[in-house]
Structures are given as structure tokens and as C-alpha cells.
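Let's take a walk through a protein model together. Have a look at the picture first, then read on.

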Amino acid sequence: MKKFLTKYGHIVAAFAIMIASVTANSTCVYIMYQEKMPEAVKKLRKF
């Protein structure tokens with residue numbers, strides 16, 4: 001596992017930032033439930 005993270009860690013980190021920015025700009029698909037967003041993710045919003 002350590003070899004995997006050292007070899008592909010930058011790809012995993014970039015993917016995590018991409019997913020966080022996509023979820024920061026979208027709403028929950030469920031009507032009754034929306035989690036509170038952390039302040040670090042709120043900085044990724046585009047609007």
C-alpha cells in the first residue's frame with residue numbers, strides 16, 4: 001500500500017480535490033437531507 005501511495009499519491013490527491021469541488025457546487029439529491037459543508041470546501045465554490 002505504501003508503494004501505491006508514493007507512486008500514485010498525486011493522482012489520488014488531484015481526484016479528491018476534483019470531487020470536492022464538484023460536490024461544493026451541487027446540492028444533495030435527497031429532499032430532506034443536506035450535510036453541513038466544511039469551510040475548506042466552501043472556498044472551492046464557483047459562485
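How many helices and how many strands does the protein chain have? There are two helices and zero strands. Keep in mind as you look around that this is a predicted model.

Next, think about the inside and the outside. Of the 47 residues in the protein chain, buried ones make up just 6%. The accessible surface of the chain adds up to about 4700 Å², and carbon and sulfur atoms account for 69% of that.

Now zoom in on helix H1, which covers residues 2-24. Leu5 sits in this helix. Is Leu5 buried, exposed or something in between? Its relative accessible area is 46%, so Leu5 counts as partly exposed, because that label covers whatever falls between under 20% (buried) and over 50% (exposed).

Leu5 also has company on the surface. Together with Met1, Phe4, Tyr8, Ile11 and Val12, Leu5 makes a nonpolar surface patch of about 620 Å².

Two members of that patch deserve a second look. If you search the whole structure for aromatic pairs, you find one. The partners are Phe4 and Tyr8, with ring centres 5.3 Å apart and 45 degrees between the planes, and the pair is tilted. Why tilted? Planes under 30 degrees apart would count as stacked and planes over 60 as edge-to-face, so the rest go down as tilted. Both residues lie in helix H1, four residues apart, which is about one turn of the helix. As for their surroundings, Phe4 is partly exposed at 42% relative accessible area, and Tyr8 is partly exposed too, at 35%.

Finally, find Met18, another residue in helix H1. With a relative accessible area of 44%, Met18 is partly exposed. Where does Leu44 lie relative to Met18? In sequence, the two are 26 residues apart, while in space their C-alpha atoms are 9.6 Å apart.

Technical notes:
Residues are numbered from 1 along each chain as its sequence is written. This is a predicted model: local features need pLDDT of at least 70, side-chain atom pairs count only at pLDDT 80 or more; totals for chains, interfaces and linings use all residues. Side-chain values use heavy atoms; hydrogens and water are left out. Buried means under 20% relative accessible area, exposed over 50%, partly exposed in between (1.4 Å probe, protein chains only). Accessible areas come from the Shrake-Rupley method with a 1.4 Å probe; for residues, only the protein chains shown count as cover. Patches are made of residues with over 30% relative accessible area and no salt bridge: like charges are joined within 9 Å, nonpolar side chains (Val, Leu, Ile, Met, Phe, Trp, Tyr) within 5 Å. A salt bridge is a side-chain nitrogen of Lys or Arg within 4 Å of a carboxyl oxygen of Asp or Glu. Rings of Phe, Tyr and Trp (its six-membered ring) pair if their centres lie within 6.5 Å; planes under 30 degrees apart count as stacked, over 60 as edge-to-face and the rest as tilted.
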